[in-house]
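Colleague: Could you take a close look at one loop residue for me, and then walk me outward from there? I'd like to know how exposed it is and what surrounds its part of the fold.

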Amino acid sequence: MTRTLPHHVDVVVVGSGPCGAAYVRTLSEQRPDLTLATFEAGPLLTEPPGGHVRNIADPAERERCQRRSEGPPRESVSSAPAVQRPDAGPDRRLARAGTHLLPSGYRQPGEDGLPLAAMSSNVGGMGAHWTCACPRPGDSERIPFVSGLDELLDEAERLLGVSAHAFDDAPFADEVRGRLGAAFDAGRAKDRRVAPMPLAVRKHGDGRVTWSGSDTVYGDVSRGNSRHTLFPEAMVVRVLVEQGRVRGVLVRDLREGGEHEVRAARVVVAADSLRTPQLLWASGVRPAALGRYLNDQPQVVFAVRLRDVDAERASVVAGDEAPGVVPQSGVSWVPFTDREPFHGQVMQLDASPVPLTAGDEPAPGSIVGLGWFCAKELRESDRVEFDDTERDAFGMPAMRIHYRLTERDHASLAGARAAVRRAAEALGEPLDADPRTLEPGASLHYQGTVRMGESDDGTSVCDPDSRVWGVDGLYVAGNAVIPTATACNPTLTSVALAVAGARHIARTTGTEEHT
Ligand SMILES: Cc1cc2nc3c(=O)[nH]c(=O)nc-3n(C[C@H](O)[C@H](O)[C@H](O)COP(=O)(O)OP(=O)(O)OC[C@H]3O[C@@H](n4cnc5c(N)ncnc54)[C@H](O)[C@@H]3O)c2cc1C
């Protein structure tokens, strides 16, 4: 079956990750009269579109979907080097399943670089592969000039289907939180104390869980919206801008070939933190802050075995289902505060990541993985640059990353290592001698490259409604919009900001003259 791309819609959304989906959902609810098209460079994996691969029961099919997300699409492969897999290539960089690493340009001589900079190219984006942790930002993580941020976060929780209680009955979860609370809670505000991690996950009566992807964000209202069409394997190569106003996009049909112009007065670019600025650059939209203030959350990890826990109790609580059903049972949270500027993500595992003595099987949930994220010092010079002469494997301007960890970042990492050790000691016996510091890019939370600001002063790309300064009708979405240094997982915040942008479109479309 051949497909026909539209000549004209009211709103084009570039990218089908959770943030692109949030625009479609909000507009489907608030402006069902508008015609919408989503163009997604990657393939469709699931029905309904945008499902989390973890919900796929068949392991072979799940792996196939992960592989298909690890672009770039064969049709557009140029002379660029092949994408690295975990066990491939001379540098053996770690790539997470469902993601593909930036193949080159990730580190400049004498710099730290972002060796683990990764993307996902599939319907649902990284949201088909994520861990679903949805903490709220706190203290200096919050964006001070976004009005109604808490209500926007409430709405983002609704769209993502966030619950803090999906794993209430996980073995030892209360015990873990009790011990962590005793170590960390003193002097903290109520909302910054150790708590269950809010997760984008739904628990069913029979114990099964469904992890939220873009399918949850789209919801029935988007799927039932006959004025919205999602086009997989359709890559936007340029946003068309004339006289300071968006006129549409140029789409390359990766499935059937050819390039098509689609006219639209509103274009939302939600194409991740590296490819959103790339598309703006390719379109000649090049504000001074584009690609700058790039930040990833420096990360340390540690594992511990809970002391003094009763294996019998675990099996009673867990029943037969727990180990298979919930690969990481009972995720807990040590929130970021300005005084202790780390975000702690605590997972209880059913198997040890470190080999244990034969016959020494841990009780389900008794091995605890600790991931501590830091907020990076924000600097204009940390950036992704684009090359007008060299192309990447998608045929877009090649990327070159400039990135350094500052003295303050190294001090933060030392603080995080001390904090994670304190957490480990509160819980039990560490399984490793020292916490491990991961290479930059490991967090998969890249921010800042199209950051929002209060005014067009050269340090931001868009306004608090995500409208790109100086280009009417152009919006940006995703973690790249977040202007603050955050340590917490960013997707909830990005979806909240996407809701604000979508509401702006809903409010203003049709109220002024446009093509
Ligand atoms: C293993 C893993 C675990 C994670 N865990 C968490 C977590 O627990 N909590 C959390 O908050 N975050 C987590 N993340 C990050 C989270 O998935 C992202 O923050 C989120 O998906 C961002 O949504 P997005 O819509 O902005 O972008 P993405 O989900 O990255 O989607 C962008 C989409 O745009 C498409 N695209 C790019 N360029 C073009 C183009 N030119 N034309 C058309 N389409 C294009 C891409 O193919 C992609 O599908 C994790 C990610 C991974 C991979």
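Modeller: Happy to! Let's take D272, which is partly exposed, with a relative accessible area of 25%. Please keep in mind that this is a predicted model. D272 sits in the loop between β13 (266-269) and α6 (275-282). Its backbone deserves a second look, as phi is near 80°, a positive value in a residue other than glycine. In general, most residues other than glycine have a negative phi.

D272 has a companion in this respect. D308 is not a glycine either, and its phi is positive at about 55°. You will find D308 in the loop between β14 (299-306) and α7 (311-318). D308 is exposed, with a relative accessible area of 71%, whereas D272 is partly exposed at 25%.

Now step back from the D272 loop to the strand before it. β13 belongs to an open sheet of 5 strands, ordered β9-β2-β1-β13-β22 and paired in parallel. At the edges are β9 (228-231) and β22 (474-476), and each of these pairs on one side only. Neighbouring strands in this sheet are turned by 15° against each other on average, direction ignored. In general, the strands of a sheet pair through backbone hydrogen bonds. Strand β2 (residues 36-39) is joined to β9 by 4 bridges in the parallel sense, and L36 stands opposite H228 in β9.

Following the chain on from β2 brings up another backbone detail. P48 has its place in the loop between β2 and α2 (59-68). The peptide bond joining E47 and P48 is cis, with omega at about -5°. For context, most peptide bonds are trans.

The ligand comes next. There are 36 residues around it, and E40, A133, V236, N479 and T491 come nearest. α1 (18-30) and β10 (234-242) each supply at least two residues of that shell. By type, the shell divides into 16 nonpolar, 17 polar and 3 charged residues. Several backbone atoms approach oxygen atoms of the ligand: a backbone N or O atom of M126 lies 2.9 Å from one, and a backbone N or O atom of G127 lies 3.3 Å from one. For P490, the corresponding distance from a backbone N or O atom to a ligand oxygen is 3.5 Å. Taken alone the ligand exposes 1,000 Å², and the protein buries 96% of that.

For contrast with the parallel sheet, here are some antiparallel pairings. Strand β11 (residues 245-253) pairs with strand β12 (residues 259-263) over 5 bridges in the antiparallel sense, and L250 stands opposite E261. These two strands form a hairpin with 5 residues between them, and G257 in the turn has a positive phi of about 85°. β18 and β19 also form a hairpin, again with 5 residues in between, where G395 in the turn has a positive phi of about 80°. R383 stands opposite H402 in β19, and 5 of the 6 residues of β19 (397-402) are buried.

Finally, there is an open sheet of 3 strands in the order β5-β7-β8, with antiparallel pairing. β5 (162-163) and β8 (209-211) stand at its edges with a single partner strand each, so one side of each is left without a neighbour in the sheet. Strand β7 (residues 199-203) joins β8 through 3 bridges, with V201 opposite W211.

Note on methods:
Residues numbered from 1 in each chain as written. Predicted model: local features only at pLDDT ≥ 70, side-chain atom pairs only at ≥ 80, totals over all residues. Heavy atoms only, no water. Pairing = 2+ DSSP bridges. Axes fitted to C-alpha atoms, helices over the stretch in contact; angles between N-to-C directions. Near = heavy atom within 4 Å. Polar contact = N/O pair within 3.5 Å; in protein donor to acceptor, adjacent residues only side chain to side chain. Areas by Shrake-Rupley, 256 points an atom, 1.4 Å probe, with all protein chains shown as cover. Nonpolar A, V, L, I, M, F, W, Y, C, P; charged D, E, K, R; others polar. Buried < 20%, exposed > 50% of the residue type's maximum accessible area, 1.4 Å probe, protein only.
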